[in-house]
Amino acid sequence: MVATPSEAEVLLGEPRFNWSDAAPWAEMKREFGIEFPADFREIVNAYGSIQINGQLSLEHPAGHLLHTLAETVRGDLEVWRGKDMAGFLPDPAGANPGESVPVVSATTEDVTVCSRDRAPDRPFYEPLS
């Protein structure tokens, strides 16, 4: 698994998306009340929406893209709230305090989450135990 921006570059090569506008991330924070981890934002800003090794999907929040992170999060929250996902998420699905927002998924059904309780300087990839 890619865990740092420098590891992403070793795996994916030189970044070509190179997004620098913070507005989409600010909008995500306003809508969901969470600060996405800095390393996640750095990787997604560098590479844009990308699928890694055919298994891990990362999406960028820029509104001009066909699929945006915000749209995916909204849809995933709707699905995750409608199912008993207690075994998959560390907290109930949602953007309120004490809830988790699934932001990265893999074909193995692993999920990486963010929450209001998560410090934005923590690395985004921390496998759920």
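These legends go with close-up views of a predicted model.

The model is predicted, so local features need pLDDT of at least 70, side-chain atom pairs count only at pLDDT 80 or more, and totals for chains, interfaces and linings use all residues. Residues are numbered from 1 along each chain as its sequence is written, and side-chain values use heavy atoms, with hydrogens and water left out.

**View 1. The whole chain, in the order α-α-α-β-β-α-β-β from the N terminus.** There are four helices and four strands (DSSP runs numbered from the N terminus: helices are H or I, at least four residues; strands are E, at least two). Of the 129 residues, 39% are buried (under 20% relative accessible area; exposed is over 50%, partly exposed in between; 1.4 Å probe, protein chains only).

**View 2. Helix 4 and its buried residues.** Leu-69, Ala-70, Val-73, Leu-77 and Trp-80 are the buried ones here. Seen down the helix axis, they fall within an arc of 95°, so they line one face (the arc is that of the directions from the axis to the C-beta atoms).

**View 3. Arg-74 meets Glu-31 in a salt bridge.** Their closest N and O atoms sit 2.6 Å apart (a salt bridge puts a side-chain nitrogen of Lys or Arg within 4 Å of a carboxyl oxygen of Asp or Glu). Arg-74 belongs to helix 4 and Glu-31 to helix 2, so this pair ties together parts 43 residues apart in sequence.

**View 4. A salt bridge inside helix 2, Arg-30 to Glu-27.** The closest N and O atoms are 2.8 Å apart, and the partners are three residues apart, about one turn of the helix. Arg-30 is exposed at 59% relative accessible area, while Glu-27 is partly exposed at 40%.
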